[in-house]
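Student: Walk me through one small part of this model in detail, please. I'd like to look at aromatic ring pairing and whatever surrounds it.

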Amino acid sequence: MTIEERANQAAQWKATGIYNCAQAVTQAFADQIPVEAETLKKLGAGYAAGMGCMESTCGALIGAVMVAGVVTNGKGTPRISKELLQSFQEKCGATICKDLKGVETGAPLCPCPECVRNAVLALGEVLGE
C-alpha cells in the first residue's frame, strides 16, 4: 500500500466517523504495528478533539508520532517527531487542535480529515516512504 493510499484511507475513516484522528492514523499503519487493531483503537481513544479536548496537540499528529515510535523501534524517534511536527505544521498551518479548528478566530485552518491525511503523508515523508 502506498503512503497516498494509507493517507486516503485514514482520511476516509475520520470523515465517516469510524475512528477519531489519532485512531485513523494509527490504523492506517496497522499492518506495520505488532498490536491488535482493537488495542490500537483503545490507545488512540483519548485523542479525539486533540489532546485535552482541543487545547493542545492535534490527535492526528499524536497518532503519527506513536506510529513512528513503533516502526523505528524507538531509534531516532525524538528527531523524527520534530521533523513530523515541522512537516505537519507546514501542511496544516498549526499543530494545536483549537488553532486548526479556528476555535478562537472563527477561521479554521484545516479540517480534521485533511489533518489526518497530512499526518500520514508527513510520516511517510519523514520515514522515506
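Tutor: Rings of Phe, Tyr and Trp (for Trp, the six-membered ring) pair if their centres lie within 6.5 Å; planes under 30 degrees apart are stacked, over 60 edge-to-face, and the rest tilted. By that rule there's 1 aromatic pair here. The centres of the Trp13 and Tyr19 rings sit 5.3 Å apart with planes at 85 degrees, so it's an edge-to-face pair.

A quick note on provenance: this is a predicted model, where local features need pLDDT of at least 70, side-chain atom pairs need 80 or more, and totals for chains, interfaces and linings use all residues. Numbering starts from 1 along each chain as its sequence is written, and side-chain values use heavy atoms, leaving out hydrogens and water.

Both partners, Trp13 and Tyr19, are buried (under 20% relative accessible area with a 1.4 Å probe, protein chains only; over 50% is exposed, in between partly exposed). Trp13 has company in α1 (helices are DSSP H or I runs of at least four residues, numbered from the N terminus): Ile3, Arg6, Ala7, Ala10 and Ala11 are buried there too. Looking down the α1 axis, the buried residues fall within a 160 degree arc (taken from axis-to-C-beta directions), so they line one face of the helix. They pack against α2 and α7, with contact meaning heavy atoms within 4.5 Å.

Just past the end of α1, Gly17 adopts a positive phi of about 80 degrees. As for confidence, α1 has the highest mean pLDDT among the chain's elements, 97, on the predictor's per-residue scale of 0 to 100.

Conventions: Helices (H or I, at least four residues) and strands (E, at least two) are DSSP runs, numbered from the N terminus.
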